[in-house]
Amino acid sequence: MRKILIVLAFMTLSALPSMAQIDLHSHAITKGYLDYIKANGAEMDEGFPIPAWDAEQHIAFMDKAGIQTAVLTMPAPQPWFGDVKASSAVCRSYNEECAALKARYPGRFMFCAALPLPDVDAAIREAVYALDTLKADGIKLATNVNGQYLGVPELDTLFSVLNERGAVVILHPHRPEPVNRQVMQQTPLAMQEYLSETTRAVANMISRNVLARYPQVKVVVPHCGAYLPLAVPRMKSLTAVMQANKMVGEIDWQANLNSLYYDLAGAHSPEVIRMMLTITTPDHLLYGSDYPYVAPQVLVNGLQRMQQYLTDEPDLKPYKEMILYKNALKLFHK
């Protein structure tokens, strides 16, 4: 039954004209979510104002850019202020609204559901409801929530549930915990610490073989892989020393890396893509915009530049359609 539903959900996407992009990195900022964040005085928790968002304006941007489908996720900050019931209600409302958007605009939106972490039991309940009842296309996970970082043992039960369902997980950096606010003022999180956060979270998962132990979970790493093209070789080189000091166990590098996909939101370029291909393969690279956190015209220009260098660079040209939409179709069909 689930296979039939997936096929039906993708009938529109499968009929895409050539070069109709699929955007793996975009955010829906619903009124209920924003009201809750503001009520808790957290609208500047990430050091950057939360932008306005509207579905019709989002589609207008997509039409201008030539994007057929955008995958929606909840932005930072996480709606968690110590109240499990309230956080669960906000995530449930957000997920149901995203499901309604997907139904209202067939073929234009997909969504990865938000979970009320750090409460693992509540997160599992919401993941099951979102994937099984709302037919969410995947799950969004923050790099950390209130200091609970991806890769910690208490999240294994959640990953077991996601593994049973073959879930796609989209990661997104959130403010580190604890946070040095002076550092945030000197260098805004989005400029540097978000890359560190992403790298930290993925490194944590690799060091505990989370992705190797739950191989049906496919994880999309944002922002051109953050620092992973530099971090992975370093981690590999230090593994023997760490093992000798009983700091880590055996690491199945290939199995962990096989589960990682990467969106190209942010500072993409031919050079960046070539660097990413030192740790992954072309079928694991995906277009992403980061709408609405970047001005629409800047994103349009950036996509046009990507299309141009994927046409002009001989070594990258064979991967153009893969990166812009084919890899996304394959990822979500599984």
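Two strands count as paired if DSSP finds at least two bridges between them, and a strand here is a DSSP run of E, at least two residues long, numbered from the N terminus. The model is predicted, so local features need pLDDT of at least 70, side-chain atom pairs count only at pLDDT 80 or more, and totals for chains, interfaces and linings use all residues. Residues are numbered from 1 along each chain as its sequence is written, and side-chain values use heavy atoms, with hydrogens and water left out.

**Exercise 1.** Work out in which order the strands form the open sheet, and which ones stand at the edges.

*Solution.* Start with the order: eight strands run 1-2-3-4-7-8-9-10, with parallel pairing. Next, look at the ends: strand 1 (21–27) and strand 10 (285–286) each have a single partner strand, so one side of each lacks a neighbour in the sheet. Now zoom in on one pair: strand 4 (residues 138–142) and strand 7 (residues 168–172) share four bridges. Within that pair, Lys140 has Ile170 of strand 7 as its bridge partner.

**Exercise 2.** Find how many disulfides the structure has, then check Cys91 and Cys224.

*Solution.* Take a disulfide as a pair of cysteine sulfur atoms within 2.5 Å. Searching the whole structure gives zero. For Cys91, the nearest cysteine sulfur belongs to Cys98, 11 Å away. For Cys224, the nearest is that of Cys112, at 18 Å. Last, check exposure, where buried means under 20% relative accessible area (1.4 Å probe, protein chains only). Cys91 is buried at 0%, and Cys224 is buried too, at 9%.

Notes. Buried < 20%, exposed > 50% of the residue type's maximum accessible area, 1.4 Å probe, protein only.
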